[in-house]
Amino acid sequence: MFQNYLKIAFRALARQKGYSAINIIGLALGISVCALITLYVIDELSYDRSYPNADRIYRVDGDVKFQGRSFLLAVSPPPMAPTMKAEFPEIEDAVRFRTLGAWNFTFENKSLREEKIAFTDPSFINIFSIQTTLGNGVQALTQPFSLLVTEEFAQKFFGNENPIGKSLKGDNEKMYTVGAVMKRLPNNSHIRFEVLISMSSLPDSREGSWGSNNYQSYFLLKNGMKPDAVNAKMPALLRKYFAPVVEKDMHVPYDEFLKKGNYFTYFLFPLTRIHLHSGNKIAEISPNGSMQYVLIFAGVAAFVLLIACVNFMNLSTARAANRAKEVGIRKTLGSQRSQLVAQFMAESSMMVLCALVLALCIVEAVLPAFNDLAGKELSRAALLTPQFLGMTFGLFVLVSLLAGAYPALVLSGFQPVKVLKGDKSSGSKNKSLRSTLVVVQFTASVALVIGTLVIFSQLQFIQNKNLGYNREQILLVDDPSTLADGSALRFKQEIMRLSGVKNTTVSNYLPTGGWRNNSMLFVGKDKQAISTQQWNIDAEYIPTFGMKILQGRSFNAAFAGDSSTVVLNEAAAAQFFGAENPVGKILERQNGETMEQFTVIGVVQNFNYESLRETIQPLVLFYGTPIGGAAIRFNASETASVLAQVESTWKRLKPNAPFEYKFMDDSFREIYKSEQRIGAILGVFTALAIAIACLGLFGLAAFTAEQRTKEIGIRKVLGASVASIIALLSKDFLKLVGIAIVLATPLAYWGMGVWLQDFAYRVELSWWVFASAGAAAVVIAFITVASQAFRAAQANPVQSLRSE
């Protein structure tokens with residue numbers, strides 16, 4: 001019997017090649033989109049789960065509220081990890097990381113820059129079950145100035161030589177010895193260091209200061225222990241160790257500090273939730289993903305698959321009348337309805353299977369391009385994982401049932417007496433369902449179009465917003481540690497003499513995002529403590545970035561007294577002095593046991609020095625010795641010449657260090673890379689969703705034109721124009737698209753409003769976005785339907801009437 005079902009199914013597919021091709025291509029596109037998104041989602045959900053102890057590893061995070069401002073921290077004080085391990089019996093082990101910026105390591109005459117580098121404790125090996133291939137990892141992270149490196153780093157530096165015992169010079173001019181080599185950490189982990197330096201090499205790690213937060217601290221709980229038990233003990237720990245710091249540095253009793261609404265709390269956060277649920281906490285080791293985006297992509301996958309299944313159902317039920325006589329004869333000859341359902345389900349399943357095979361071929365072919373688009377490193381081996389294979393089988397069953405069950409029930413439900421008499425009206429009863437399904441398709445498509453337009457509008461808004469500084473035509477020689485040995489000032493002086501260079505500043509602080517530690521300043525007779533960002537800059541910083549001084553003046557290298565002055569941004573001026581003129585006022589900063597005084601000499605216009613997700617916070621600029629990377633403003637017409645001259649100067653001063661540079665506008669765009677990727681992916685998948693919906697609309701329009709052949713012929717004989725016939729056949733479909741636009745608009749308005757809440761500075765949801773999406777849907781639908789209507793209108797009425 002099953003063999004007979006297959007034969008009939010093959011014949012049906014072969015007899016209706018166009019209908020079969022539309023269905024298979026539409027389903028294949030829908031399934032391929034769903035499969036690609038599933039690979040993305042599986043990868044995102046798998047982050048940090050490959051470690052054997054993953055379910056027992058936690059990071060201590062901070063929740064801080066101070067002077068009305070709230071902060072979420074991924075870092076904690078240096079002594080917190082060892083103190084908690086010693087005092088909390090629930091904790092089996094603890095490890096800290098102190099991340100660094102990019103470093104250049106030099107071996108003989110070879111220099112290599114590495115960005116994924118950190119100091120860590122030897123317990124890292126045990127907690128994260130690290131596999132070492134050469135040397136002893138625990139010893140390497142115990143001995144001072146010792147390195148644990150990945151196989152890839154060792155291969156790049158030493159080739160096939162044994163790296164153990166080899167000494168590398170770091171950017172701090174100290175020598176570090178390779179003590180062990182480890183396998184590369186997983187791609188789907190937020191901890192992806194290439195070089196780890198023993199924590200004993202860092203003096204700060206042995207200090208007992210509870211007043212700074214700059215270490216990522218991880219804990220391995222004992223079997224059976226719950227994080228709540230540890231969290232319950234944190235207030236007492238902070239009162240014991242942190243309260244004295246508050247009382248000393250802020251000159252206020254700890255209980256009074258708390259009564260003012262301030263607090264510092266710390267809590268354990270699960271390792272497996274960091275990537276998707278930690279958000280944008282201060283000082284994350286690596287950029288996190290977002291559960292919101294995972295859900296958005298999952299929704300897009302569901303929408304696109306639904307659109308493809310709706311196509312299948314629409315075209316199958318629309319074609320039902322053409323198979324009515326076959327059903328009637330088979331029922332007359334004794335076929336049961338269950339047998340007919342089985343036959344039509346077999347046809348649907350065969351079509352789904354063909355679409356699935358084609359979809360997997362598409363996925364395999366486009367996977368490298370998808371990796372580039374999504375910033376992933378998914379291999380073709382991911383197509384053979386149990387999760388993906390299980391998903392593929394589940395998708396086959398789901399689509400077969402979703403797309404095939406209803407058409408099978410409709411086709412098997414024809415009454416033999418009626419259809420054998422030539423009554424095919426049974427097929428027309430499903431017109432209302434087909435109309436509903438078309439509305440569902442275009443509702444999803446229009447919502448996706450609106451979402452894509454809003455994302456691109458926000459990205460355009462970010463690109464064009466006046467940030468309070470000019471980021472154009474600025475070259476960043478961004479390697480602070482390389483210039484930290486005293487050559488920074490000389491480098492700056494030589495760059496200033498180059499032709500095409502307008503100005504140059506050297507600073508570790510660039511207004512392109514990133515974490516900087518807040519510090520205390522004191523104001524007034526009562527020495528009120530205020531936490532604020534504090535940057536050391538040179539006299540050329542403000543003019544190089546084109547910032548605007550609103551009151552007073554900027555720093556001047558000719559004034560020796562400027563070393564005890566500060567410039568405030570507008571937010572800092574308002575927080576320190578309210579509406580008063582701040583110029584000439586005094587701020588104090590604690591330096592050991594003494595208090596240093598600084599005079600306010602100017603106020604700079606607020607500028608966005610963090611992501612536009614954040615509001616502008618108070619910032620105090622100090623005049624100091626230039627240390628860090630160089631920012632070089634140049635003439636746009638002399639870009640190539642300036643680059644060549646800067647590189648030549650660099651190589652003369654630092655012959656063994658690679659010349660690394662980028663343009664500031666590129667650095668700015670890096671901040672919003674995740675949004676750019678989301679927009680690009682959503683744009684591609686939205687285009688595919690519209691293409692699939694139009695494919696189905698094309699098939700329905702062709703069927704409608706075929707069913708109304710006689711009517712069209714009569715109308716032409718009576719003098720109807722081609723335009724009137726096109727309008728006749730198009731208006732019903734365009735009504736459905738109009739209903740879809742009405743339904744999609746509030747849905748998209750709500751969804752994108754939620755997404756935009758993540759940005760402190762954002763676009764308004766303008767009417768033109770919704771109007772543009774609706775107009776695009778109407779135009780695309782009209783072109784799709786009109787192409788078939790035009791063919792029908794052009795047909796010779798004599799032929800159509802003769803065939804009837």
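Phe442, Ser445, Val446, Val449, Ile690, Ala693, Cys694, Ala773, Ala776, Ala777 and Ile780 line the second largest cavity of this predicted model. Let's start with that cavity, then visit a pair of helices and finish at a loop.

**The second largest cavity**
- The structure holds three cavities of 30 Å³ or more, and the second largest has about 70 Å³ of space.
- Helices α18 (431–464), α24 (673–707) and α27 are the elements that each give two or more residues to the lining of this cavity.
- Sorted by class, the lining has 10 nonpolar residues, one polar residue and no charged ones.

**A pair of helices**
- Two packed helices can be described by the angle between their axes and the distance between those axes.
- You can try this on helix α26 (residues 722–756) and helix α27 (residues 767–794), whose axes come within 8 Å and cross at roughly 155°.
- Angles over 145 degrees count as roughly antiparallel, so α26 and α27 are roughly antiparallel to each other.
- The crossing of α26 and α27 is right-handed, and their contact has 21 nonpolar, four polar and no charged residues.
- Helix α27 is worth finding in the picture, since you meet it twice: in the contact with α26 and in the lining of the second largest cavity.

**A residue in a loop**
- Look for Ser379 in the loop between α14 (337–374) and α15 (386–412).
- Is Ser379 buried or exposed? Its relative accessible area is 39%, so Ser379 counts as partly exposed, a class that lies between under 20% for buried and over 50% for exposed.
- Ser379 and Pro368 are 11 residues apart along the chain, and 8.2 Å separates their C-alpha atoms.

Terms used
Residues numbered from 1 in each chain as written. Predicted model: local features only at pLDDT ≥ 70, side-chain atom pairs only at ≥ 80, totals over all residues. Heavy atoms only, no water. Axes fitted to C-alpha atoms, helices over the stretch in contact; angles between N-to-C directions. Helix = DSSP H or I, 4+ residues; strand = E, 2+ residues; numbered from the N terminus. Parallel < 35°, antiparallel > 145°, perpendicular 65-115°, else oblique. Left-handed = near helix turned anticlockwise from the far one by under 90°. Nonpolar A, V, L, I, M, F, W, Y, C, P; charged D, E, K, R; others polar. 1 Å grid on protein atoms, 1.4 Å probe; cavity = no way out; pocket = protein on both sides within 12 Å on 5 of 7 lines; lining within 4 Å. Points joined across faces, edges and corners; volume = space filled by probe spheres on them. Buried < 20%, exposed > 50% of the residue type's maximum accessible area, 1.4 Å probe, protein only.
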